[in-house]
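Trainee: Hi! I have a new model open on my screen and could use some company while I look through it. Where should we begin?

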Amino acid sequence: MGVTRRVFLRAAVAAGAVGTVGATGTDLAPAASAASAPGDVVGKITVGYQGWFACAGDGAPINDWWHWSQDWGRPPSPTNTNIKCWPDTRDYTSTYQTSYAALGNGRPARLFSSYDQQTVDTHFLWMQQNGIDTAALQRFDPTGGEGPTRDAMATKVRSAAEAYGRKFYIMYDVSNWTNMQSEIKTDWTNKMSAHTASSAYARQNGKPVVCIWGFGFNDPNHPFTAAACLDVVNWFKGQGCYVIGGVPREWRTGTGGSQSGFSGVYHAFNMISPWMVGAIGNVAEADNAYTTYTVPDQADCNANGIDFQPCVLPGDVSARQRAHGDFMWRQFYNMVRAGVQGIYISMFDEYNEGNQIAKTAETQAWVPTDSGFLALDEDGTACSADYYLRLTGDGGRMLKGQIALTATRPTQPVLPTGDTTPPAAPGGLTVTGHTGGSVSLAWNASTDNVGVTGYRILRVSGSTSTQAGTTGATSFTVTGLAASTAYTFAVVALDAAGNVSQPSNQVTVTTEPPSGTTNLALRRPTSESSHTQVYGSSNATDGDTGTYWESANNAFPQWIQVDLGAGTGVKRIVLALPPSAAWATRTQTISIQGSTDGGTFTQLLAPAGCTFDPATGNTATLTLPATATTRYLRLTFTANNGWPAGQVSEFQVFGA
């Protein structure tokens with residue numbers, strides 16, 4: 001079972017350090033003395049994203065109630081729980097039955113799985129809707145049984161970040177990682193660095209961002225020496241990364257929760273992000289921490305050319321810390337007036353510690369009756385399920401100077417609408433175009449008594465529908481569809497109060513047959529058995545023959561695969577290597593496998609030698625005996641007489 005970071009014993013913050021912090025007026029935020037210009041973490045709001053909830057039967061490799069239960073092999077229940085509050089699950093299309101009693105409103109007690117792509121998409125949609133810039137995907141020791149599920153989550157987060165215009169980066173949590181010093185380097189080299197090819201991967205100062213959480217903590221879960229930690233920090237910097245350190249709150253003094261002798265490690269980071277969960281739980285403690293930690297920490301970072309990204313937390317629901325947002329807002333106010341370079345939210349989806357900003361049960365009507373969980377209205381103030389997402393959005397606007405610095409919380413716990421009237425159904429839905437993998441739609445604008453805020457595009461199958469996308473416009477193109485396949489679509493309108501219209505008219509369209517001249521793999525997601533240095537699998541579908549995938553050396557067999565998005569007719573595969581004469585002629589032994597589910601593969605083409613000759617373009621064409629319908633197409637390499645690894649710069653796939 002994975003170890004949560006995270007809650008250390010509450011320690012009294014230094015007494016007598018509360019300064020004059022009771023102002024309630026508005027002021028201009030002080031100019032930050034940043035070491036770096038604004039990027040994807042400097043000047044931005046970052047949320048810690050666990051993505052670590054799974055449910056039995058959700059298809060995840062771990063196939064357990066991962067992090068929902070103490071005993072993952074049994075469904076969560078009042079006697080087998082690992083969470084402190086109940087999520088609001090109304091936005092998820094797939095949920096899983098637990099052993100809790102029904103909710104107070106009679107609905108079944110069901111939970112989401114992070115492994116479902118729609119769950120991750122929903123979370124990143126919430127980030128988009130609330131102006132949350134960046135997500136730090138938590139990655140614990142990936143070498144054990146959780147590794148395959150964590151690998152898959154990185155791909156799902158990447159897909160969602162790309163779809164919703166958010167940034168993401170890998171945040172290693174080294175807690176209880178026995179062979180951390182060597183294995184973290186291997187994991188980055190062979191797996192995670194491939195994600196830096198994504199347009200959504202966070203960059204700061206032009207460098208891909210990596211965070212390492214856990215160096216210098218004075219507890220048995222972090223026994224690493226300063227020398228080992230410094231080696232890892234410098235190694236990542238040597239890989240061209242911008243490195244953030246998730247460090248103890250006493251990092252600057254080397255006392256309390258920090259080991260002594262780590263100053264050189266801390267000051268080697270490009271950005272410092274001290275951990276505050278367990279240290280503060282009310283406004284007075286937040287003010288005390290501002291004087292004791294935040295102000296002198298910022299001064300130290302300024303003096304050493306380091307960016308500063310302190311934590312802001314909403315508070316533990318179960319401990320009644322939230323004060324309907326006043327606790328969290330006070331932290332935003334303190335951080336912005338201190339001139340910090342960025343803010344890290346602890347956390348987005350941490351239902352285990354009750355510190356999540358993700359949608360949470362509003363009242364006891366949305367909580368299992370036998371759970372004992374509190375809801376967001378625990379102090380008598382009604383709060384909407386999305387309140388802490390909205391509060392975070394306003395904190396981000398204050399950080400960016402879009403609203404004035406103010407100690408008075410501007411965010412209302414419940415939107416003052418009272419509006420229960422849904423918009424009118426959109427009319428005139430039509431198909432304006434379609435290809436082998438996409439359908440373009442347009443419709444007439446809906447109307448509403450207050451105002452329409454957007455539209456949800458639905459893919460309809462029988463009596464059920466799934467979300468295909470959202471937009472604020474009256475047109476949308478649905479992508480990732482299978483060729484020669486019939487699809488039915490409808491559209492609903494939304495308003496600011498969350499009311500949803502009746503569906504529009506439905507339209508049915510059949511996508512075009514696979515084209516023999518359209519590269520079906522271009523910019524599609526990839527995965528791999530391994531890669532060396534920076535030569536990740538995404539290079540093989542980026543449309544650039546100058547970049548390439550190269551597997552680990554001297555370790556055949558190796559494979560690379562592309563996800564075509566849906567079952568697609570495939571007839572021909574064209575492989576390329578860089579067309580430079582420096583690439584001598586070579587023959588690689590390659591076979592082709594296909595899969596509809598990404599788990600079970602069948603042989604489509606037996607192993608054969610493929611010769612790549614720079615004199616003739618350095619390409620090889622593999623033609624299947626018959627058109628095969630497949631979603632996941634895999635190349636398996638077993639030999640290469642030019643280099644001891646699988647190599648390909650472009651993996652192109654064509655229909656009949």
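Mentor: Let's begin with residues 1-33, where pLDDT stays under 50. Keep in mind that this is a predicted model.

Trainee: How many contacts beyond four places in sequence does the model have for residues 1-33?

Mentor: The model has 95 of them for that stretch.

Trainee: And what is the mean pLDDT of the protein?

Mentor: The mean is 91, and 95% of the residues reach 70 or more.

Trainee: Good to know. Let's switch to helices: at what angle do α3 and α4 cross?

Mentor: Helix α3 covers residues 180-190 and helix α4 covers residues 226-238; their axes cross at roughly 15° and come within 10 Å.

Trainee: Is that crossing left-handed or right-handed?

Mentor: α3 passes α4 in a right-handed crossing. Angles under 35 degrees count as roughly parallel, so α3 and α4 are roughly parallel to each other.

Trainee: Which residues meet there?

Mentor: From α3 you have Met-180, Gln-181, Ile-184, Lys-185, Trp-188 and Thr-189, and they meet Ala-228, Asp-231, Val-232, Trp-235 and Phe-236 of α4. By class, this contact has 7 nonpolar, 2 polar and 2 charged residues.

Trainee: What about α7 and α8, how do their axes cross?

Mentor: The axes of α7 (residues 326-338) and α8 (residues 387-399) cross at roughly 15° and come within 10 Å. The two helices are therefore roughly parallel to each other, and their crossing is right-handed.

Trainee: Which side chains should I click on in α7 and α8? I mean, which residues meet?

Mentor: On the α7 side, pick Met-328, Trp-329, Phe-332, Tyr-333 and Val-336; in α8 they meet Tyr-388, Leu-391, Thr-392, Asp-394, Gly-395, Met-398 and Leu-399. The residues of this contact divide into 9 nonpolar, 2 polar and 1 charged.

Trainee: Okay, sheets next. What's the strand order in the open sheet of 4 strands?

Mentor: The order is β18-β17-β20-β21, with antiparallel pairing. β18 (464-471) and β21 (507-510) each have a single partner strand, so one side of each is left without a neighbour in the sheet. Direction ignored, neighbouring strands of this sheet are turned by 35° against each other on average.

Trainee: How many bridges are there between β17 and β20?

Mentor: There are 8 bridges between β17 (residues 452-461) and β20 (residues 486-495), paired in the antiparallel sense. One place to look is Val-452, whose bridge partner in β20 is Asp-495.

Trainee: And which strands does β27 pair with? I'd like an example from each.

Mentor: Strand β27 (residues 619-640) runs antiparallel to β24, with 14 bridges joining them. There, Thr-568 stands opposite Thr-630 in β27. Strand β25 (residues 586-595) is joined to β27 by 8 bridges, also antiparallel, and Gln-593 has Arg-634 of β27 as its bridge partner.

Trainee: Last topic, backbone oddities. Where are the cis peptide bonds?

Mentor: One joins Ser-346 and Met-347, with omega about 5°; Met-347 lies in the loop between β13 (343-345) and α8. Another joins Phe-556 and Pro-557, with omega about 0°, and Pro-557 lies in the loop between β23 (549-550) and β24 (558-576).

Trainee: Why would I stop to look at those?

Mentor: Because most peptide bonds are trans, and most residues other than glycine have a negative phi. On the phi side, look at Asn-176, which has a positive phi of about 55° although it is not a glycine. Asn-176 is in the loop between β6 (167-173) and α3.

Key: Residues are numbered from 1 along each chain as its sequence is written. This is a predicted model: local features need pLDDT of at least 70, side-chain atom pairs count only at pLDDT 80 or more; totals for chains, interfaces and linings use all residues. Side-chain values use heavy atoms; hydrogens and water are left out. Axes are lines fitted to C-alpha atoms, for helices over the stretch in contact, and angles run from 0 to 180 degrees between N-to-C directions. Angles under 35 degrees count as roughly parallel, over 145 as roughly antiparallel, 65 to 115 as roughly perpendicular and the rest as oblique. A crossing is left-handed if the near helix is turned anticlockwise from the far one by less than a right angle, and right-handed if clockwise. Contact means heavy atoms within 4.5 Å. Ala, Val, Leu, Ile, Met, Phe, Trp, Tyr, Cys and Pro count as nonpolar, Asp, Glu, Lys and Arg as charged, and the others, Gly among them, as polar. pLDDT is the predictor's confidence in each residue, from 0 to 100. Two strands pair if DSSP finds at least two bridges between them.
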